[in-house]
Each structure stands twice: as C-alpha cells, then as structure tokens.
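Please keep the structure open beside this note while you read. The points below are numbered so that each can be checked in turn.

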Amino acid sequence: MDFTRDEGPDAVAEVVVSLLERESARDYTLWPSLVGSGLPAVALPERFGGDDMGLPEISVLLTELATDAVAVPALPTFGFALLPLIAALPDKVADRVFPAVAEGAVLTAALSEPGAPFVVEPETTAVVEGDTARITGHKVAVPYAAEARWLLIPTNSGLALVDSDAPGLSRIPSPVSGGMPECSVRLEEVAIPVEQLLPGGLADLHRIAVASIGSVADGLLKGALVLTAEHLRTRHQFNRPLAEFQAVAQQIADLYVVSRTLHVAAVSANWALAQPDPSPQHQERIDDDLEVLAYTVTSELPAAMQKCHHLHGGIGVDVTHPMHRYYSQAKDIARWLGGASFRLDRLGARCSST
C-alpha cells in the first residue's frame, strides 16, 4: 500500500487552495466561483470536457474544501451522485446530465428513509410501465434537495435519476445544524424515462458516499485543529499563552491523535475503494475499511469538535467566529451516517460474521 498522492490529486488540491485564498465566501455564494475554476469537470469523462479523474481527486477536493468548512454542494454533487453515475448512465442520459454538471448543476442522492439511514432495502418502489418508470416513496435528510437539478433515488428496483421539477415530487425543508440545507422528499408516482432507472448500484453508492463523507470529516477536523491550536498559541491568561498550561496541552495532543487516526482511516478507505481489484478479498477489505471509517467519524468527530469548542471558550460559539461552522457540519455528517450506535452495530456485525 502506497498512499502517496500523485500529480492529479495534488493539482486539484492546488486549485482548491488557490480558490479559497482568492475568495472570502464560505457558503453557497462560493459555488459559481468553484464552477468557474473548472473543478466540477474533474471527474467528468473527457468527451464532456472533463479530466476523467476519479475518487482520489474528488476525495482531495472534498477534504480541502472541508478544511475551511466550506458549505457548498460539492459533497452531494460529486461524492453522492456524480461518481456513482459516471459508469452507470446510458449515453442518452449522460449527454444531458454531465454537461449540465460542468456548468454548475447540483446533484444529490437520497441515502436514507425514515428510521433507516443508508437504507439497504429501500421501501421506495419503482414500477416499470413500458418506457416509463413510476417512483413512489419517502426519503429523509437529503442534502441540497431544494437546489438540486437531479436527485438520485434508491428504489427496490435500482437507482432512479429523478428531475427535480418532475410532477409528484415534493420537498419539505428540514432543520439542520449548519449551512448545508436538506429536505425530506416525497415521491408520488413520479414518472421518469425507463433509461433513468439504473439496475443495481446501491452498494457502490453507499461505499462512495461513506468514503466521501470520511474525506469531508478528515478536512473538518484538520481545519478545526489548526484553528484551535492558533487560538491557544495567541490567547493569554495570567500572562501566559493558553498552550503552555499542561491540561490544555494534553487536550490538544489528544485532538491531534484523533485527527491523525481519522486521516489514516479516510485515506485508507478511499485508497482501497479506488483500486481496480475485483477479488473477493479486496472487496472485503474495502467494506471493512469503510465500516471502520464510518464508526470513527460518528464516534470521534463530534466529541473532538466539542473539545475544540471547549478550548475556545465562549468565543467558539459566536456566529462571527468560524469554529461553529466546523462543529455544525460535523454534527450533520455524523447524523447522515446514522450515528455511532448504528455504525458500531454495523461494524460489530462484520466482525462477528468473520
């Protein structure tokens, strides 16, 4: 295993860092500038003017954006929807979707149903009638659903790519912790062309989504740790920097250990998933790594963010201070994964089955 990045991910990281140095926005108003930089084309096929890259480059893009707690629809567009669709979309549909993504169209995926995060057996149904498929169901916690042009909907018959303005589709905004909006989505016999119902693909969608969330979590904790360390270095009490107090130094050291652990888990899972190895042993390794990553994110990331807040004192909860953006996004992505207990059960089931 060699986790050393090659020139592709490094080039993507340089573009993202350069963009964030030029732009002050860290919310949805940054999206047009991100689109203008050409970043949406990173994973697109060359025939659509893309760079034909893949998960390694997208994971770096997501991590670098998260390091500044940027709240744009990069995670749902690239990590939840675009990567799973690259190899699955028929040419007729790809000719319509991918050029729109290059121009800034938002994609998202509905990973959860009520009481079922990352639902494995969707209750949402797809009934094929000739050249049409009719989708009926209820999805929750769908990020950027109101802004998306297409939604990827897991059903009992495969993944349905649904136009956001399709009759019978309704979206109800849900409360969130941070700047990434989400909705509950209801579909009442929403009609789509049958070629937009993609058989299978749910397991791959979940794998890529977990890996992408892990990349975001890695960036969030890295950014929050840098922010906290700088605060402790420059904030004084009793004429001494806070960082010189033993209890504070021990806590920031603990945070560093958690950050490095999360980084290794994220890089390992993304690396394994990106390898073109179809052997059963490698597929088992991928799923093991992803379950470890998901549990690490849900159990360690929120607790680490709480400690960062504690070390900031009251300053960290002020909305004019950036710390709250990291904490809010961390809480939301941990919730999307289903929480620590859910992920521990999933991880334990894998351990007990082997």
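1. Over residues 212-341 the chain is 78% helix and 3% strand, and the C-alpha atoms at the two ends of that stretch are 20 Å apart; helices (H or I, at least four residues) and strands (E, at least two) are DSSP runs, numbered from the N terminus. The UniProt record, an unreviewed entry, annotates residues 212-341 as "domain: Acyl-CoA dehydrogenase/oxidase C-terminal", and such annotations, whose positions are given in the numbering used here and whose feature names are shortened, may be inferred rather than shown by experiment.

2. A word on the basis of this note: the model is predicted, so local features need pLDDT of at least 70 and side-chain atom pairs count only at pLDDT 80 or more, while totals for chains, interfaces and linings use all residues. Residues are numbered from 1 along each chain as its sequence is written, and side-chain values use heavy atoms, with hydrogens and water left out.

3. Which residues touch the most other members of the largest nonpolar core? Among its 95 residues they are Met305 and Ile333, and helix α6 (residues 202-234) gives the most to this core, with 14 residues. A nonpolar core is here a set of buried Ala, Val, Leu, Ile, Met, Phe, Trp, Tyr and Cys residues joined through side-chain atoms within 4.5 Å, where buried means under 20% relative accessible area, exposed over 50%, and partly exposed in between (1.4 Å probe, protein chains only). Apart from this core lies another, of 18 residues, including Ala126, Ile135, Cys183 and Leu187.

4. Leaving aside residues up to four places away in sequence, Met305 touches Leu220, Leu221, Ala224, Met323, Tyr326, Tyr327 and Ala330, a contact being heavy atoms within 4.5 Å.

5. Phe80 belongs to helix α4 and, at 1% relative accessibility, counts as buried. With residues up to four places away in sequence again left out, Phe80 touches Leu75, Ala109, Leu111, Pro143, Leu152, Leu205, Ala209, Ile213 and Trp336.

6. The structure holds 19 salt bridges, each defined as a side-chain nitrogen of Lys or Arg within 4 Å of a carboxyl oxygen of Asp or Glu. In one of them the side chains of Asp163 and Arg96 meet (3.4 Å, N to O); because Asp163 lies in strand β5 (residues 158-163) and Arg96 in helix α5 (residues 91-102), the pair ties together parts that are 67 residues apart in sequence. Arg96 is partly exposed, with a relative accessible area of 37%.

7. Asp288 forms a salt bridge with Arg350, the closest N and O atoms being 2.7 Å apart. Asp288 is in helix α8 (residues 280-312) and Arg350 in helix α10 (residues 340-353), so this pair ties together parts that are 62 residues apart in sequence. Elsewhere, Arg47, Asp91 and Asp95 are joined into one network by salt bridges that share partners.

8. A search of the whole structure finds 2 cavities of 30 Å³ or more, and the largest holds about 100 Å³ of space. A cavity is a set of points on a 1 Å grid over the protein atoms alone where a 1.4 Å probe fits but cannot get out, and lining residues have an atom within 4 Å of a point. The lining of the largest cavity includes Leu62, Met180, Val216, Gln329 and Ile333, and its largest share, 3 residues, comes from α3.

Technical notes
On a 1 Å grid over the protein atoms alone, a cavity is a set of points where a 1.4 Å probe fits but cannot get out, and a pocket is an open set with protein on both sides within 12 Å along at least five of seven lines; lining residues have an atom within 4 Å of a point. Grid points are joined across faces, edges and corners, and a volume is the space filled by probe spheres set on the points.
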